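Biologist: Please take me through this entry one feature at a time. I would like the general idea first and then the case at hand.

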Amino acid sequence: AAYSVDGIRKWVQEGQDPFLLYVCSINPHAPWTWGNPDEFDPDKLIMPENCVDSPEMRKIFCKYLAEVRALDNEVGSVYQMLEETGKLDIWYPGVHSALFARYPKKIKAGTTSNAIVQYEDLLPTFLDIAGGDPRPELDGISFKNCLYGESDKSR
């Protein structure tokens, strides 16, 4: 659905540094009604192996790709707002089932990892980065070593 970064902009400008900004999106989730599927040509798609390759599925996959593009635009809007407000250097976001992290002092730019992490791993990781002790009542585990390039496995 439509969104705005105005509330986030106000919060980061009026708040204290450092801060934790955790932004969630509803994209891309079925029924895939957001974005512009006409942006994608169904006849030129390379379909994933787990999809039936039919004209109907190609149209459905275009709707999915439209929401992926919408999510990308949302992430870009937050990134741009943080850059404009001078807050980008302390940005560390997580997004949907993939994870995007930026912490120039600790995370090497352009690196990727296939490490598997879960949402419940976020809080233990934030605690670890901040120097806190692990909490036995939390189900997750820290993946700080993956972020810092010290390991390529977390779970």
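Modeller: Pro 31 makes a good start; this residue is found in the loop between H1 and H2. Helices here are DSSP runs of H or I with at least four residues, strands are runs of E with at least two, and both are numbered from the N terminus. The model is predicted, so local features need pLDDT of at least 70 and side-chain atom pairs pLDDT 80 or more, whereas totals for chains, interfaces and linings use all residues. Residues are numbered from 1 along each chain as its sequence is written, and side-chain values use heavy atoms, without hydrogens or water.

Biologist: Is the peptide bond from Ala 30 to Pro 31 cis or trans?

Modeller: Most residues other than glycine have a negative phi, and most peptide bonds are trans. The bond from Ala 30 to Pro 31 is cis, with omega near 20°. The bond from Asn 27 to Pro 28 is also cis, with omega near -15°, and Pro 28 sits in the loop between H1 and H2.

Biologist: Which sign does phi of Trp 32 have?

Modeller: Phi of Trp 32 is positive, near 55°, and the residue is not glycine. Trp 32 has its place in the loop between H1 and H2. The side chain has company too: ring pairs link Trp 32, Phe 61 and Tyr 64 into a cluster. Rings of Phe, Tyr and Trp (its six-membered ring) pair if their centres lie within 6.5 Å; planes under 30 degrees apart are stacked, over 60 edge-to-face, and the rest tilted.

Biologist: How many aromatic pairs does the count come to by this rule?

Modeller: The count is three. Trp 11 and Phe 19 form one that is edge-to-face, with 5.4 Å from centre to centre and 85° between the planes.

Biologist: Why is Trp 11 classed as partly exposed?

Modeller: Buried means under 20% relative accessible area, exposed over 50%, and partly exposed in between, with a 1.4 Å probe and protein chains only. Trp 11 is partly exposed because its relative accessible area is 44%. Its partner Phe 19 has 14% and is therefore buried. Trp 32, at 26%, is again partly exposed.

Biologist: Which residues make up the largest nonpolar core?

Modeller: In soluble globular proteins, nonpolar side chains tend to be buried together. A nonpolar core is a set of buried Ala, Val, Leu, Ile, Met, Phe, Trp, Tyr and Cys residues joined through side-chain atoms within 4.5 Å. Here the largest has nine residues: Val 5, Ile 8, Val 12, Phe 19, Leu 21, Val 78, Met 81, Leu 82 and Leu 88. Helix H1 (6-14) and helix H2 (55-84) each supply at least two of them, and H2 gives the most, with three.

Biologist: What does Ile 8 touch?

Modeller: Contact means heavy atoms within 4.5 Å. Not counting residues up to four places away in sequence, Ile 8 touches Leu 21, Val 23, Val 78 and Met 81.

Biologist: Why does Arg 58 count as buried?

Modeller: Arg 58 counts as buried because its relative accessibility is 14%. The residue lies in helix H2. With residues up to four places away in sequence left out, Arg 58 touches Pro 42, Asp 43, Lys 44, Leu 45, Met 47 and Asp 53.

Biologist: Which residues are buried in H3?

Modeller: In H3, Leu 122, Pro 124, Thr 125 and Phe 126 are buried. Helix H4 (144-147) is included in what covers the buried residues of H3. Leu 122 belongs to H3 (residues 122-129), and its relative accessibility is 9%, so Leu 122 counts as buried. Beyond its neighbours within four places in sequence, Leu 122 contacts Tyr 22, Leu 99 and Phe 143. Its C-alpha atom is 7.3 Å from that of Gly 140, 18 residues apart along the chain. Just after H3, Gly 131 takes a positive phi of about 90°.

Biologist: How many helices and strands does the protein have?

Modeller: The protein has four helices and zero strands, and the order from the N terminus is α-α-α-α. The C-alpha trace spans about 55 × 35 × 30 Å along its principal axes. Of the 155 residues, 28% count as buried. Among contacts with a separation of 6 or more, residues 24 or more positions apart account for 53%.
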